[in-house]
Amino acid sequence: MRYTEKIRVPHSPAARGAAAAGLAMAVGFTASPALAAPAKTPTAQSQAGLGRYYDQRLSWGMCMQSPDDTTGRDLDKAGVQCANVTVPLDYAVPRGRTITVAISRLKATDTRHRIGAILLNNGGPGGTAVDSPPVIRKAMKKVGARYDIIGFDPRFVGRSTPLDCGWPVSFPWFSAGAGRAGFDRHVALSKSLAAKCRATNGSVLPHVTTRNTARDMDVIRGALGERKVSYLGYSYGTYLGTVYTQLFPGRYDRMVLDGAIDPRAYEPRLMKNAVRENEQALSAWAAWAAGHHTTYHLGRTRTAVLATIDGVMAEAARSPLTLGTEPEAFQLDEGHIPTLLFMGLADDTDASRAFLAEQVSALSKAAKDERVVPSPGFTEILRLATTGADSASGSVQMAIICGDVPAPRNPELYWRDIERSRAAHPLFGPLTENIGPCAFWNAPREQPTRIRHDAPSLIVAATGDPRTTYGGSVALHNQLPSSRLLTLKNANRHAVYGEYGNACVDGKVNDYLATGTLPRKDEVCGK
């Protein structure tokens, strides 16, 4: 689960995650003759009242929705087509209200050797993927030409009937700080955010779930005229892919799950299972920053760099730090600093480490009351951390998580967990154990998904993944006996295939996508 993926250093749609939002495209059940999908044979879905969704004919067209829609313009230039798929809001009431799910398609060019369609999900939850087919086609190299590559924005995300609760924050994930006062403020904030979502979107919240997104995926499969679909999912997308295999066994072909989540551990405080990995990533980053002291002035040793962070935290606890100048000055307290650090640790490339060092350097100067003008990239992060600039992403992310799995309701339980975490994990414990809006959400309508069926799949994992930990990938692999685990050793990296530039990982994934044959045994790649 990539809580922070939407503001990582962006270099592809999967890396950007939940960044784009837009209006849904109009789609009808009848397409223009030139681009009509093939006619469908009525199936068992008809008996459940879902036949009209599975049998709909998609109207493919341009992706650009308005003159300032740069994403759509880029997709059109890349030869991608877009359409909307109509799905029921509530699958238990198929003749009731409908919503639309935006999809995109980069068609196979090697039609003689076409394998089928592959669906994409970039994680989040709440990440968009309509913009992803061109990037994934490049990552797939030669085998990409044999697939129709299908991006889609999950229900209520991006272009798919977007949901926005109008929050004053872009995400509700902050540290409780050093004392009870900070925790109490976060309890009040979390309660108000949940109430705001109920007030603005109460009629749809029960249906904003991973299981319903998986059902939408199967409608997409049917609307595309495919007997089976392949799938590539990152991070939370591995959970979505796993749910799909459990709800629709026999309807998937090749499954690639990159940075996997153990379904048994999926819950609103999933990140508490990743504290040690993030401490390890922070330590490794500090060593890197020490080697670049002449650039960032954070300390000449790992210990000195970490001490600089401790000093920033102490100053932020005493009084909020100010970065920037009016009309855009940002105030950061001890609740924000651990979140910013956590966000910067999803990637161990030099570019990402330099970006985090730039941020910590600015924070260190602000802690000394120096005037700081943050860079454009850091300014974007500060807007997200302190304002509701991207309320839509935070709203739908929480709606999905809270709609999937219940959270403990008693604030005192969270406080006790925070207090217990402080000795061993003083920086990240009060962040990952903190309360959130799910504590005040209505109970989910369905039980969390558990694995009942084996699912042949290729699970890709980095040993130092600081988001969805390596242990989660191992756990999912153990629950799916026919799966294979492809390990990238000694990398503190979240999302590997097509993202990290590791030729070994990319080659083995592409071999599987080309042949449909999993490796005979688990395999390991070096960094």
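Modeller: Let's start with a definition: a nonpolar core is a set of buried Ala, Val, Leu, Ile, Met, Phe, Trp, Tyr and Cys residues joined through side-chain atoms within 4.5 Å. Buried means under 20% relative accessible area, exposed over 50%, and partly exposed in between, with a 1.4 Å probe and protein chains only. The model above is predicted, so local features need pLDDT of at least 70 and side-chain atom pairs count only at pLDDT 80 or more, while totals for chains, interfaces and linings use all residues. Residues are numbered from 1 along each chain as its sequence is written, and side-chain values use heavy atoms, with hydrogens and water left out.

Biologist: Which residues have the most contacts inside the largest nonpolar core?

Modeller: Contact means heavy atoms within 4.5 Å. The largest core here has 122 residues, and those with the most contacts inside it are Ile103, Trp285, Leu321, Leu323, Ile337, Leu363 and Phe428. Apart from that core lies another, of 35 residues, which includes Tyr147, Leu232, Ala462 and Leu518.

Biologist: Ile103 is on that list. What is Ile103 in contact with, leaving aside its neighbours within four places in sequence?

Modeller: Among its partners are Leu58, Trp60, Val130, Ile150, Phe152 and Leu224.

Biologist: Let me step back to the whole protein. How many helices and strands are there?

Modeller: Helices (H or I, at least four residues) and strands (E, at least two) are DSSP runs, numbered from the N terminus. This protein has 18 helices and 11 strands. Its radius of gyration, taken over C-alpha atoms, is 23 Å, close to the 24 Å that the globule rule (2.2 Å times the number of residues to the power 0.38) gives for 527 residues, so the protein is as compact as a globular protein of that length. The C-alpha atoms fill a box of roughly 70 × 50 × 45 Å along the principal axes.

Biologist: And what share of the residues is buried?

Modeller: Of the 527 residues, 60% count as buried. You can also look at the contacts: among those with a separation of 6 or more, 76% are between residues 24 or more positions apart.

Biologist: How should I read one helix, say H17? Which of its residues are buried?

Modeller: Here is the general idea. An α-helix has 3.6 residues a turn, so residues three or four places apart point the same way. In helix H17 (residues 470-479), the buried residues are Gly472, Ser473, Ala475, Leu476, His477 and Gln479. They pack against helix H7 (236-247) and against strands E6 (252-258), E9 (458-462) and E10 (484-488).

Biologist: Which residues does Ile451 touch, not counting those up to four places away in sequence?

Modeller: Two of them belong to the buried residues of H17, namely Leu476 and Gln479. Ile451 also touches Thr242, Gln246, Pro263 and Leu480. Ile451 lies in the loop between helix H16 (429-432) and E9, and its relative accessible area of 19% makes it buried. Pro263 is in the loop between E6 and helix H8 (275-290), and at 3% relative accessibility Pro263 counts as buried too. Beyond nearby positions in sequence, the contacts of Pro263 include Tyr239, Thr242, Ile451, Leu476 and Gln479.

Biologist: Where would I look for unusual backbone angles? For instance, which residues does a cis peptide bond join, with omega about 0 degrees?

Modeller: Those are Gly124 and Pro125, and Pro125 sits in the loop between strand E3 (116-121) and helix H4 (133-140). Another cis peptide bond joins Glu326 and Pro327, with omega about 15 degrees. Pro327 lies in the loop between strands E7 (321-325) and E8 (328-332).

Biologist: And what is the phi of Phe156?

Modeller: Phi of Phe156 is near 75 degrees, a positive value in a residue other than glycine. Find Phe156 in the loop between strand E4 (147-152) and helix H5 (180-201). Asn490, also not a glycine, has a positive phi of about 60 degrees, in the loop between E10 and helix H18 (503-515).

Biologist: Is each of these two buried or exposed?

Modeller: Phe156 is buried, with a relative accessible area of 3%, whereas Asn490 is exposed, at 60%.
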